[in-house]
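Welcome! Take a moment to look at the sequence and the model, then try the exercises below at your own pace.

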Amino acid sequence: MAFWCAAWGLAGWACVLTVFVKLSPSWHPALDGSIVMSVMAGTITFASISGEATLRRRSVWSSSWRVVLATALAVGLAMASYWLWTAALNLLPLFGARAEDVSDVSLVTLRFRVGAFALAGLASGISPLVLRKGSGWFHHVVGGTTAGLAAGCAWHALNFAGHGSDLFWAGAGMGAVWGFFHGLLCWGLPDELYAGWLRVLSWNRYSRRIPIDAHDGVPTERFVGHFTRGLDLFLPAEDGVMEMHLSVVVDENQKYSARGLSLQPTRVIRFLERVNLQYDARRPAPLQTRIDSGDRIEIGDGVSQAEVEFIMLPKEER
């Protein structure tokens, strides 16, 4: 989502630049700032909502009204917040501002625009939040504001980098940074779109895989072994697999764990880490550890050995 929103942020800036340079708009230059902020906030909100609709496989009608409503809300909030910030600068001596400085459209400075960036970023965060019915409100509020401030910092830094000013690269950096931090902080790829699978890496049942999650989302436990009936994943005894060797559990919060059920070696292997799940008869319960996508589980003593991998795939793979 971060790169997706960053690409749309660049596209939004390109559209604004095209209108300003090629079409020679007839509005007053004092409107330029509010138009830039509102278009950028609307474009990034459009990217966030349309990206979510694509991931959730929503229908065209369901996606369209959500995208239109969220984009319009973001544009309206960003434009209103820009003029409220400008009015506050005129009424209050914030940052040492003077009326002639605030009204000077040729003055390029972050000091008098930092609030406008923050409020426009907040607008781009609140608008998708309304469509998501308040889910993740903290991430949207803080992430949206942070994205707007980061965009202002990028705009300021690129404008004064090197010799002289370059508002072209400053605007491009603003759009890309705004979109990137918005996608990174406000709404990422949710876990509920994915489900856990066990995939066999051993040669005799290579690429065989089973789903961990139940269709109704209740907590589930899948068993691995060579018992002839009733197990979810069968692996032959010739590979050092016991009748009931291993299980993978998912709880109501979609957190996955591996449990060792055998006295034979069972190891979870991940980056810079090895976890031994060999069953200890002195313990009242089997050992277990959290697992994430890409973790491999070695079963057996090394001479006769099987290997499975835990992976996360989109739920539609079922």
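The exercises that follow deal with a predicted model, and each comes with a worked solution.

**Exercise 1. Two helices side by side**

Task: Work out how α2 is oriented relative to α3, and which residues of the two helices meet.

Solution:
- Step 1: Find the helices. Helix α2 covers residues 32-55 and helix α3 covers residues 60-91; their axes lie 8 Å apart, at an angle of about 155°.
- Step 2: Classify the angle. Angles over 145 degrees count as roughly antiparallel, so α2 is roughly antiparallel to α3.
- Step 3: Add the handedness. The crossing of α2 and α3 is right-handed.
- Step 4: Look at the contact. Residues on the α2 side include G33, M37, A41, F46 and I49, and those on the α3 side include R66, V67, A70, V75, Y82 and W83.
- Step 5: Sort by class. The contact of α2 with α3 has 13 nonpolar, eight polar and one charged residues.

**Exercise 2. A second helix pair**

Task: Decide whether α5 is oblique or roughly parallel to α7, then describe their contact.

Solution:
- Step 1: Helix α5 spans residues 114-131 and helix α7 spans residues 167-185; the axes come within 11 Å and cross at roughly 45°.
- Step 2: Roughly parallel needs an angle under 35 degrees, so α5 is oblique to α7.
- Step 3: α5 and α7 make a right-handed crossing.
- Step 4: From α5, the residues F117, A120, G121, S124, G125 and P128 meet M174, W178 and H182 of α7.
- Step 5: In this contact of α5 with α7, five residues are nonpolar, four are polar and none is charged.

**Exercise 3. The six-stranded sheet**

Task: Find the strand order and say which strands stand at the edges.

Solution:
- Step 1: Read across the sheet. The six strands are ordered β2-β1-β11-β10-β7-β8, the sheet is open and the pairing is antiparallel.
- Step 2: Look at the ends. β2 (209-211) and β8 (273-276) are the edge strands, and each pairs on one side only.
- Step 3: Follow the twist, which averages 25° from one strand to the next.
- Step 4: Zoom in on one pair. Strand β7 (residues 266-270) runs antiparallel to strand β10 (residues 296-300), with four bridges between them. Here T266 of β7 faces I299 in β10.

**Exercise 4. The five-stranded sheet**

Task: Explain why the pairing in this sheet is called mixed, and what is special about β4 and β9.

Solution:
- Step 1: The order is β4-β3-β5-β6-β9 in an open sheet with mixed pairing.
- Step 2: Look for a parallel pair. β3 and strand β4 (residues 233-234) run parallel and share two bridges; V224 has L233 in β4 as its bridge partner.
- Step 3: Look for antiparallel pairs. Strand β3 (residues 220-225) and strand β5 (residues 246-250) are antiparallel, joined by five bridges, and T220 is partnered with V250 in β5. β5 and strand β6 (residues 256-260) are also antiparallel, with five bridges; L246 has G260 in β6 as its partner.
- Step 4: Check the edges. β4 and β9 (288-290) each have a single partner strand, so one side of each lacks a neighbour in the sheet.

**Exercise 5. One residue up close**

Task: Describe the surroundings of Y194.

Solution:
- Step 1: Y194 belongs to strand β1 (residues 194-200).
- Step 2: Its relative accessibility is 23%. Buried would need under 20% and exposed over 50%, so Y194 counts as partly exposed.
- Step 3: Leaving out residues up to four places away in sequence, Y194 touches L189, Q254, Y256, M312, L313, P314 and K315.

Methods:
Residues are numbered from 1 along each chain as its sequence is written. This is a predicted model: local features need pLDDT of at least 70, side-chain atom pairs count only at pLDDT 80 or more; totals for chains, interfaces and linings use all residues. Side-chain values use heavy atoms; hydrogens and water are left out. Axes are lines fitted to C-alpha atoms, for helices over the stretch in contact, and angles run from 0 to 180 degrees between N-to-C directions. Angles under 35 degrees count as roughly parallel, over 145 as roughly antiparallel, 65 to 115 as roughly perpendicular and the rest as oblique. A crossing is left-handed if the near helix is turned anticlockwise from the far one by less than a right angle, and right-handed if clockwise. Contact means heavy atoms within 4.5 Å. Ala, Val, Leu, Ile, Met, Phe, Trp, Tyr, Cys and Pro count as nonpolar, Asp, Glu, Lys and Arg as charged, and the others, Gly among them, as polar. Two strands pair if DSSP finds at least two bridges between them. Buried means under 20% relative accessible area, exposed over 50%, partly exposed in between (1.4 Å probe, protein chains only).
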